[in-house]
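Here's a quick briefing to read alongside the model. It starts with the ligand and then moves out to the rest of the protein.

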Amino acid sequence: MESDAWIGKVQSVDTGNISVRVDKEELLNSVQINQIVQIRSTKTGEKIVGLISKIMRKAISEKIDESSEPDLIVENLMRVNLVGTLIEKSGIYENIFKRTLNTVPSIDADCFLLQGEELSSFMSIISSGSKNPLKIGKYTISDESDANLDGNKFFQRHAVIVGGTGSGKSWTVANILEKAANLQSINSLVFDLHGEYKPLEDLPNTTLLKIAGPSDNPNEENIVFLPYWLLSYDEIESMLLDRSDSNAPNQSRTLFDLIVENKKETLEADDKQNVLDNFTVESPIPYDIESVLTGLEHKDREMVPGKRDEKQGPLHGKLTRFIQRLKSKKSDKRLNFIFNSGDSLQEYDWLVSLVNSLLDFGNGKGVKIIDFSEVPSDILPLITGLIGRLIFSIQQWMDDELRHPVALFCDEAHLYIPANIKGGMEEKGLASFERIAKEGRKYGLSLVVISQRPSDVNKTILSQCGNFIAMRLTNPDDQNVIKRLFPDNLGDFSEMLPILDVGEGLIVGDAALLPSRIRIDEPSIRPNSATVDFWDEWGKEKKDKGIEQAVEALRRQQK
Ligand SMILES: Nc1ncnc2c1ncn2[C@@H]1O[C@H](COP(=O)(O)OP(=O)(O)O)[C@@H](O)[C@H]1O
Ligand SMILES: [Mg+2]
């Protein structure tokens with residue numbers, strides 16, 4: 001260590017933090033938050049590494065001798081978060097950085113500021129220390145060094161990408177997808193709520209899918225239908241049942257019985273004896289909603305023999321409102337992707353083709369971008385949850401040896417993984433993601449939660465995530481959520497959140513060897529920008545008249 005980088009001595013030690021007295025005032029000008037400091041360790045061949053989190057000046061009074069008046073002198077202090085150890089030699093390896101602290105610094109240990117070449121060489125140790133490099137950008141403090149994440153660890157423990165609107169989240173996602181798309185057996189789904197990621201179609205291994213809109217039909221390619229029979233009983237009930245109806249329990253029970261009965265009929269007709277023995281109301285088996293409706297209508301009008309005359313059956317008139325609700329959902333064009341009664345969707349084997357279109361086991365089409373822009377917002381949580389649940393179940397039931405890891409990129413996650421649920425469909429959808437967050441790892445299923453409002457995203461799910469890319473956040477509630485998710489001694493680190501530049505992020509978690517501030521690479525294919533340049537647009541001549549077209553699109557419910 002060069003002695004001209006010496007800055008001062010350790011003054012106090014806390015768990016994970018130390019304070020350093022800056023004795024070399026000349027260096028004070030070049031000291032900045034987030035700079036790297038090395039501290040001499042009591043173990044030879046080791047240095048403790050820390051990040052500067054605070055710089056303070058304190059006035060203290062000191063008596064030179066008994067007789068004199070006390071002199072006021074100032075002391076410059078830095079607070080340093082300890083982040084790891086640099087080991088000069090370990091076996092055959094030289095200069096390895098570890099995220100553990102074998103020793104804590106002793107009082108008066110010498111501290112050195114890493115600058116210039118020393119910083120570059122330290123950062124290259126960090127860059128090359130990642131075993132499965134996912135290169136995502138450059139370090140802000142040393143802009144010639146690549147910032148690499150460990151691609152395994154990033155997905156193993158779920159990840160979070162947060163930042164205010166326009167902070168660069170979508171570009172970051174595009175950047176990660178671009179790197180992932182080059183892996184030959186990539187397997188991932190991107191929940192694209194606004195059709196933002198369409199341009200990424202040109203990446204290798206990438207396919208665009210769309211959840212069917214009102215006028216799509218089931219034999220179109222890359223259009224996803226999710227027929228009602230895929231919904232679990234709870235899910236379909238949350239969609240159809242009005243809990244405030246005094247007959248809700250009767251309606252719920254009747255629906256349950258009719259679904260079981262109709263699933264059973266399908267299995268009998270298809271001669272699926274194995275499944276017949278074990279299926280439940282939840283099993284994804286096609287049934288005919290028309291028959292269920294007929295069954296409901298029958299019970300709603302049923303007359304039974306009485307003592308003298310016929311009398312009303314036990315459910316007479318109790319299902320009328322439920323039947324109306326079901327009929328109106330069925331005829332709602334916006335729900336075409338659920339209630340379309342195309343024959344192909346009713347086939348027993350159709351589910352295999354659906355799952356084949358969502359997952360990719362080495363067919364070279366593993367970045368699936370799913371456009372949700374035509375899904376009505378009130379049932380969005382139910383539908384994202386359904387896809388999440390389906391993927392989870394498939395991974396769970398897959399033979400351990402055959403399983404192939406898959407990642408779900410959930411953009412605008414606050415819309416369907418919300419902190420405050422309003423009940424019903426939201427609750428059912430959320431349950432699927434909670435399950436993935438808690439158990440997905442066992443089955444090779446990873447979440448990447450992306451949101452501009454972390455304070456509106458479900459806390460249980462966020463707390464299961466082990467990696468964070470936090471971009472500029474100015475809202476104090478959002479900052480606090482992220483601060484609490486960061487490891488204890490990195491609390492100060494989050495204070496940089498409001499001052500980050502567009503495209504810059506704080507990266508914390510086990511995929512990053514060093515918690516750091518990173519300038520994220522621009523993706524070579526950019527997502528459609530949601531950023532509108534009002535002033536520029538108003539300043540230009542406007543020729544196209546889009547209003548008439550928009551009115552028609554509104555009527556047709558299709559762009
Ligand atoms: N890594 C980056 N480098 C440079 N500019 C960026 C970067 N990321 C984003 N930007 C700029 O910020 C704008 C908004 O980025 P975007 O990813 O759409 O934000 P968000 O998804 O967070 O709302 C982009 O159109 C681009 O101009
Ligand atoms: Mg975005």
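**Around the ligand**

The shell around ligand 1 breaks down into nine polar residues, three charged ones and three nonpolar ones. Keep in mind that this is a predicted model. Below are the ligand site, the overall layout, and then three residues worth a look: Ile 48, Ile 87 and Thr 103.

**Ligand site**

- There are 15 residues around ligand 1, and the ones that come nearest are Gly 166, Lys 169, Ser 170, Trp 171 and Ile 520.
- Helix α4, running over residues 169-181, supplies the largest share of that shell, with three residues.
- Two oxygen contacts stand out on the ligand: a backbone N or O atom of Gly 166 sits 2.7 Å from an oxygen atom of ligand 1, and a polar side-chain atom of Ser 170 sits 2.8 Å from an oxygen atom of ligand 1.
- Ile 520 chips in through its backbone, where a polar atom is 2.9 Å from a nitrogen atom of ligand 1.
- On its own, ligand 1 has 560 Å² of accessible area, and the protein covers 81% of that.

**Overall layout**

- The protein has 559 residues, and 51% of them count as buried.
- Its secondary structure comes to 17 helices and 21 strands.
- The C-alpha trace spans about 120 × 60 × 50 Å along its principal axes.
- The chain is split into domain 1 (3-129), domain 2 (169-227 + 340-556) and domain 3 (236-322).
- Measuring between C-alpha centres, domain 1 and domain 3 lie 71 Å apart.
- If you take contacts between residues at least 6 apart in sequence, 66% of them join residues at least 24 apart.
- The accessible surface of the protein is about 27700 Å², and carbon and sulfur atoms account for 48% of it.

**Ile 48**

- Ile 48 belongs to strand β4, residues 46-62.
- Its relative accessible area is just 1%, so Ile 48 is buried.
- Outside its neighbours within four places in sequence, Ile 48 makes contact with a list of residues that includes Val 37, Ile 39, Leu 82, Leu 101, Val 104 and Pro 105.
- For a sense of scale, Ile 48 and Gly 342 are 294 residues apart in sequence, and their C-alpha atoms are 66 Å apart in space.

**Thr 103**

- You'll find Thr 103 in the loop that links β6 (93-98) and β7 (110-113).
- Thr 103 has a relative accessible area of 19%, and it counts as buried because the cut-off is under 20%.
- The side chains of Thr 103 and Ser 41 are joined by a polar contact of 3.2 Å.
- Setting aside residues up to four places away in sequence, Thr 103 touches Ser 41, Thr 42, Lys 43 and Ile 48.

**Ile 87**

- Strand β5, residues 71-90, is where Ile 87 sits.
- Is Ile 87 buried or exposed? With a relative accessibility of 10%, Ile 87 is buried.
- Ile 87 and Ile 48 are 39 residues apart in sequence, with 8.8 Å between their C-alpha atoms.
- Beyond its neighbours within four places in sequence, Ile 87 contacts Gly 45, Glu 46, Glu 94, Asn 95, Ile 96, Lys 98 and Asn 102.

How values were computed:
Residues numbered from 1 in each chain as written. Chains lettered and ligands numbered in written order. Predicted model: local features only at pLDDT ≥ 70, side-chain atom pairs only at ≥ 80, totals over all residues. Heavy atoms only, no water. Near = heavy atom within 4 Å. Polar contact = N/O pair within 3.5 Å; in protein donor to acceptor, adjacent residues only side chain to side chain. Areas by Shrake-Rupley, 256 points an atom, 1.4 Å probe, with all protein chains shown as cover. Helix = DSSP H or I, 4+ residues; strand = E, 2+ residues; numbered from the N terminus. Nonpolar A, V, L, I, M, F, W, Y, C, P; charged D, E, K, R; others polar. Domains from an automatic or database assignment. Buried < 20%, exposed > 50% of the residue type's maximum accessible area, 1.4 Å probe, protein only. Contact = heavy atoms within 4.5 Å.
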